[in-house]
Amino acid sequence: MQLGKITLQNPVCLAAASWQLDGTGYERLGAIFTRTVTMEPKPGLYEEGIWQVADQTLLNATHMRTESAEILVQEHLPTLRRHGVPVFVSITAPGIPGFRKIARFLAREAAELIAGVEVYMAQPDTEKGEELNAKFVREATQAVRNELGPEAAVIVKLPPWPEHIRGLALGAQEGGATALAATNLLKALHLPDDATAAPIAGGLSGEALRPVALRCVWELAHDARITLPIFGTGGVFTASHVTDYLRCGASAVQIASGEWLEPGISARLAAECGHLVPASL
Ligand SMILES: Cc1cc2nc3c(=O)[nH]c(=O)nc-3n(C[C@H](O)[C@H](O)[C@H](O)COP(=O)(O)O)c2cc1C
């Protein structure tokens, strides 16, 4: 897969998910995407906020903690770079000025250390009930692109909304994205067995997400206006899941739940899938 000037050696990549990585065989991966960082650290849950809600299906509680971009540069990047594959930093912010600020920080402190960024498109202002829309995606992408310069790889990660994903992707493309990732977590609710416990709001991933994410990739790949390469993300556990994404129009895949449930699975699949090339549409 070609991402600007970077060529990924393998279609299997590690998705944004964890700092506690197995590490074995990661030199075979196409790329490593970091867990999302924010400009300021945000307190919240980590492992204790992840529930297995069905077979190979996880729910990440809302209000997960994020670490700061500064800790990323000081502590995590040196470790991640040891594997010798491109590292993309996942970033998010509550609004456009926030995206500008974190991208400026990375351009200053880490431009030589990273292959690019993945922009986690959060809703602009959930408290006001605003939905993520193409204008916000375009402006956030543009803000990041302007700070990182024309050469940097900017991957925009979108939510699993098949009905709306093409409009959001066009916003990313107009804003200067290099590639798309489809998808992020699907909003879901988990009811613990204890009937007195409060429902847990969060994001669904893994096996149950895969058909939705495949549909999203397919929608993007079959829209003549969208020319960006696509990372398929959701429920990859086997080599045939990788092939499914490539058949739907993805150029590569990212794995999160698989790695969480079965550490080392990404490197194993990379060893099996190195020869695969994306199907032409
Ligand atoms: C434990 C866990 C943590 C995650 N953390 C992040 C994150 O920090 N940033 C992000 O963009 N996506 C995050 N995700 C979403 C994944 O990157 C991925 O988009 C989603 O889980 C679908 O892929 P999967 O089915 O392989 O898990 C996380 C997923 C899991 C399971």
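A disulfide is taken here as a pair of cysteine sulfur atoms within 2.5 Å. The structure is a predicted model, in which local features need pLDDT of at least 70 and side-chain atom pairs count only at pLDDT 80 or more, while totals for chains, interfaces and linings use all residues. Residues are numbered from 1 along each chain as its sequence is written, and side-chain values use heavy atoms, with hydrogens and water left out.

**Exercise 1. Cysteines**

Task: Determine how many disulfides the whole structure holds, and explain why Cys13 forms no such bond.

Solution. Begin with the search of the whole structure, which returns zero disulfides. Turn next to Cys13, whose sulfur has its closest cysteine sulfur in Cys273 at 11 Å, so the pair is too far apart for a bond. Cys216 is likewise in no disulfide, since the nearest cysteine sulfur, which belongs to Cys248, lies 11 Å away. For the surroundings, apply the accessibility classes: buried means under 20% relative accessible area, exposed over 50%, and partly exposed in between, with a 1.4 Å probe and protein chains only. Cys13 has 0% relative accessibility and therefore counts as buried, and Cys216 is buried with a relative accessible area of 0%.

**Exercise 2. The chain as a whole**

Task: Decide whether the radius of gyration of the chain agrees or disagrees with that of a compact globule, and describe the secondary structure, the contacts and the surface.

Solution. First apply the globule rule, which is 2.2 Å times the number of residues to the power 0.38, with the radius of gyration taken over C-alpha atoms. For 281 residues a compact globule would have a value near 19 Å, and the 17 Å of the chain agrees with this. Along its principal axes the C-alpha trace spans about 55 × 40 × 40 Å. Next, the secondary structure comes to eight helices and 16 strands, where helices (H or I, at least four residues) and strands (E, at least two) are DSSP runs numbered from the N terminus. Of the 281 residues, 54% count as buried. Then consider contacts, meaning heavy atoms within 4.5 Å: among those in the chain with a separation of 6 or more, 69% come from residues 24 or more positions apart. Finally, the accessible surface, from the Shrake-Rupley method with a 1.4 Å probe, comes to about 12500 Å², and 52% of it belongs to carbon and sulfur atoms.

**Exercise 3. Thr57 and the loops beside its strand**

Task: Establish where Thr57 is found, which residues it is in contact with beyond its sequence neighbours, and whether Gln56 and His63 are buried, partly exposed or exposed.

Solution. Thr57 is found in strand β7, residues 57-61, and because its relative accessibility is 3%, Thr57 counts as buried. Leaving aside neighbours within four places in sequence, Thr57 is in contact with Trp51, Gln52, Leu204, Ser205, Glu207 and Ala208. Of these partners, take Ser205: Thr57 and Ser205 are 148 residues apart in sequence, yet their C-alpha atoms are 5.8 Å apart in space. In the loop between β6 (50-54) and β7 lies Gln56, which has a positive phi of about 50° although it is not a glycine, and which counts as partly exposed at 25% relative accessibility. His63 is found in the loop between β7 and β8 (67-68); its phi is near 65°, again a positive value in a residue other than glycine, and at 60% relative accessibility His63 counts as exposed.

**Exercise 4. Helices α4 and α6**

Task: Identify which elements the buried residues of α4 pack against, and which residues His241 touches.

Solution. Start with helix α4 (residues 165-174), in which Ile165, Leu168, Ala169, Leu170, Gly171 and Ala172 are buried. The buried residues of α4 pack against α3 (134-148), β11 (153-158), β12 (179-182) and α5 (210-221). Just after α4, Gly176 takes a positive phi of about 105°. The peptide bond from Ala182 to Thr183 is cis, with omega near 20°, and Thr183 lies in the loop between β12 and β13 (186-190). Proceed to helix α6 (residues 239-248), which contains His241; at 11% relative accessibility, His241 counts as buried. Not counting residues up to four places away in sequence, His241 touches Glu207, Arg210, Gly235 and Val236.
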